[in-house]
Amino acid sequence: MAIKKIRKIGDPVLREKSKDVEKIDDKIITLVNDMIDTAKEEGGVGLAAPQIGVTRKVIIVDTGDGMKAFINPELKVLDKEMEGLIEGCLSIYSIRDYSVKRYKKVEVKAKDLKGRDVVINAEDLLARVFQHEIDHLNGILYIDHLDSKSRKELLSKVNKIKLGI
């Protein structure tokens, strides 16, 4: 397997909508293994395929018992929004200075790597991770959930990192 380069904010692939996975084959299995290796190397609790430049509906999430793959995930909200919590993203240089409101409980339906249906009811941090990663599949970054002042501040920090300041 291989560690892939994380695409950073400003890369157009992060704003594209991902396409469904039609068939779980060796190519998808390799993609998932590369994503797991990359997330472990970078210290992520989840990763979406677009973050390594692949516009397919594939995410990996550490569910508490290791990284698991979710193919073509669909999200259903089960509870109200919770207070905003600090969120970070490998594609935004792991800046963790801003809180994002997410739903407290969600249900995720997907396929696993063997093509079996998977349903997970997640809450709190795990629900947040699923929402964050599924956002990536729709071309949404956590910065899109911020108010304009916070967004400007974050973009300023990103620009300083890009310039090496």
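Two strands count as paired here if DSSP finds at least two bridges between them. The model is predicted, and the views below go through it piece by piece.

**View 1. Strands 6 and 7 make an antiparallel hairpin.**
Strand 6 (residues 105–111) and strand 7 are paired antiparallel, with seven bridges between them. If you want one pair to look at, take V108, whose bridge partner in strand 7 is I120. Five residues sit between the two strands of this hairpin, and G115 in the turn has a positive phi of about 85°.

**View 2. Strand 7 (residues 117–123) has a covered face and an uncovered face.**
In a regular strand, side chains alternate between the two faces of the sheet. Strand 7 shows V118, I120 and A122 on its covered face, while D117, V119, N121 and E123 are on the uncovered one.

**View 3. Helix 1 and what lies over its buried residues.**
With 17 residues at 1.5 Å a residue, helix 1 should span 24 Å, and its end C-alpha atoms are indeed 24 Å apart. Its buried residues are I28, L31, V32, D34, M35, I36, T38 and A39. Among the elements covering them are strand 1 (46–48), strand 2 (58–62) and strand 3. After the helix comes G43, with a positive phi near 80°.

**View 4. A closer look at I28.**
I28 belongs to helix 1 (residues 26–42). Its relative accessibility is 8%, so I28 counts as buried. Once neighbours within four places in sequence are set aside, I28 is in contact with V21, K23, I71 and L113. V58 is 30 residues away from I28 along the chain, yet their C-alpha atoms are separated by 8.5 Å.

**View 5. Strand 2 between its two partners, strand 1 and strand 3.**
Four of the five residues of strand 2 are buried, so the rest of the structure largely encloses this strand. Strand 1 and strand 2 run antiparallel and are joined by three bridges, with L47 standing opposite I60 of strand 2. Strand 2 also pairs with strand 3, again in the antiparallel sense, over five bridges. There, V58 has I71 of strand 3 as its bridge partner. The hairpin of strand 2 and strand 3 has four residues between the strands, and G64 takes a positive phi near 105°.

**View 6. A nonpolar patch on the surface.**
L75, V77 and Y103 make a nonpolar surface patch of about 230 Å². V77 is found in strand 3 (residues 67–77). At 40% relative accessibility, V77 counts as partly exposed.

**View 7. Helix 2 is mostly covered.**
Of the 14 residues of helix 2, 11 are buried. They are A127, R128, V129, F130, Q131, H132, E133, I134, D135, H136 and L137. The helix should span 20 Å at 1.5 Å a residue, and its end C-alpha atoms are 21 Å apart, which agrees. G139 follows helix 2 and has a positive phi, near 75°.

**View 8. D20 and K57 form a salt bridge.**
A search of the whole structure turns up 13 salt bridges. In the one between D20 and K57, the closest N and O atoms are 3.1 Å apart. D20 is in the segment before helix 1 and K57 in the loop between strand 1 and strand 2, so the pair ties together parts 37 residues apart in sequence. D20 counts as partly exposed at 40% relative accessibility, and K57 also counts as partly exposed, at 23%.

**View 9. K104 and D124 meet in a salt bridge.**
The N to O distance between these side chains is 2.6 Å. K104 is in the loop between strand 5 and strand 6 and D124 is in helix 2, so that the pair links distant parts of the chain, 20 residues apart. K104 is partly exposed, with a relative accessible area of 25%, and D124 is partly exposed, at 32%. Elsewhere, salt bridges that share partners join E87, R102, R128 and D135 into one network.

**View 10. The buried salt-bridge partners E87 and R102, with R128.**
The side chains of E87 and R102 meet in a salt bridge, 2.6 Å from N to O. E87 lies in strand 4 (residues 85–87) and R102 in the loop between strand 5 (98–100) and strand 6, so the pair ties together parts 15 residues apart in sequence. E87 counts as buried at 4% relative accessibility, and R102 is buried with a relative accessible area of 3%. R128, in helix 2 (residues 124–137), counts as buried at 4%. Neighbours within four places aside, R128 is in contact with M82, E83, G84, L85, E87, V100 and R102.

Key. Residues are numbered from 1 along each chain as its sequence is written. This is a predicted model: local features need pLDDT of at least 70, side-chain atom pairs count only at pLDDT 80 or more; totals for chains, interfaces and linings use all residues. Side-chain values use heavy atoms; hydrogens and water are left out. Buried means under 20% relative accessible area, exposed over 50%, partly exposed in between (1.4 Å probe, protein chains only). Contact means heavy atoms within 4.5 Å. Patches are made of residues with over 30% relative accessible area and no salt bridge: like charges are joined within 9 Å, nonpolar side chains (Val, Leu, Ile, Met, Phe, Trp, Tyr) within 5 Å. Accessible areas come from the Shrake-Rupley method with a 1.4 Å probe; for residues, only the protein chains shown count as cover. A salt bridge is a side-chain nitrogen of Lys or Arg within 4 Å of a carboxyl oxygen of Asp or Glu. The expected span of a helix is 1.5 Å times one less than its number of residues.
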